[in-house]
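User: I have just opened this entry and would like to go through its fold with you. Could we look at it together?

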Amino acid sequence: MLETSLSPRPLVVGIGGTIGGVASTERALMIALDSAGQAGFATRLFGGEALAQLPLYNPKAAERSAAEREFIATVRRASALIIASPGYHGSISGLVKNALDLLEETARDARPYLADIPVGLIATAYGWQATGSTIAALRSIVHALRGWPTPFAAAINTQITKFDDEGGASDPAVAEQLALVGQQVARFAPMVAHG
């Protein structure tokens, strides 16, 4: 989990990735977060490794794990989110869905769920079909959580576009699309830190 700053700057939280190492989804998310960081926001990444530490969401659990408490507290401070999911069988991954289910813990907050904050969306899939349905599923979930999906979402066909360890994408147009996701959440986010 990377946080670019401990300052009171407004925060953009990135959620996404896969189990088993940093793959295309997490790399795409890092490009978008970097763009938000360049716009003056602090950023925090919950990648695949961090998401894998979250137990399956149990709404009746009497106590939350340290990983769950940290995730919830960080999202509560966020001025914006970027959610990235691989397309698994036409929809979002269970790993990402489990993290979003945990936001039920914010239901009674003064700002419940993702109310009134912009949420950028990224879908990656090995082919085009799952990218569209995954973006549609993410939009529906963000609406249910009272968030505002940004107008542009990045759909990435990983059969065509490859990512490297240095934070680049083989297709400059894809890198620009991911940067636009970060720019839009930065543009629409309230310029105040939540806490």
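User: How many bridges join β4 to β5?
Analyst: Seven bridges join these two strands, β4 and β5, which run parallel. Strands here are DSSP runs (E, at least two residues; helices are H or I, at least four), numbered from the N terminus, and two strands pair if DSSP finds at least two bridges between them. Within this pairing, Ile-122 stands opposite Ala-154 in β5.

User: Before going on, what kind of model is this?
Analyst: It is a predicted model, in which local features need pLDDT of at least 70 and side-chain atom pairs count only at pLDDT 80 or more, while totals for chains, interfaces and linings use all residues. Residues are numbered from 1 along each chain as its sequence is written, and side-chain values use heavy atoms, with hydrogens and water left out.

User: What is the strand order of the sheet?
Analyst: The order is β2-β1-β3-β4-β5 in an open sheet of five strands, with parallel pairing. Because β2 and β5 (148–157) stand at the edges with a single partner strand each, one side of each is left without a neighbour in the sheet. Neighbouring strands are turned by 15° against each other on average, direction ignored; axes are lines fitted to C-alpha atoms, for helices over the stretch in contact, and angles run from 0 to 180 degrees between N-to-C directions.

User: Which helix packs on the sheet?
Analyst: Helix α6 (residues 172–188) does, touching β1, β3, β4 and β5, where contact means heavy atoms within 4.5 Å. The direction of α6 makes about 165° with that of β5.

User: Is β4 buried or exposed?
Analyst: Eight of the eight residues of β4 are buried, that is, under 20% relative accessible area (exposed is over 50%, partly exposed in between; 1.4 Å probe, protein chains only). Pro-118, Gly-120, Ile-122 and Thr-124 lie on one side of β4, and Val-119, Leu-121, Ala-123 and Ala-125 on the other.

User: And which residues of β1 point one way, and which the other?
Analyst: Leu-11, Val-13 and Ile-15 point one way, Val-12, Gly-14 and Gly-16 the other, and all are buried. Leu-11 has Ala-78 in β3 as its bridge partner, and Ile-15 has Phe-46 in β2.

User: Which helix links β3 and β4 in a β-α-β unit?
Analyst: Helix α4 (residues 94–101) does, and the unit is right-handed: with the strands pointing away from the viewer, the path from the first strand over the helix to the second runs clockwise. The crossover from β4 through helix α5 (residues 129–144) to β5 is right-handed, and β1, helix α1 (residues 24–38) and β2 make a right-handed unit.
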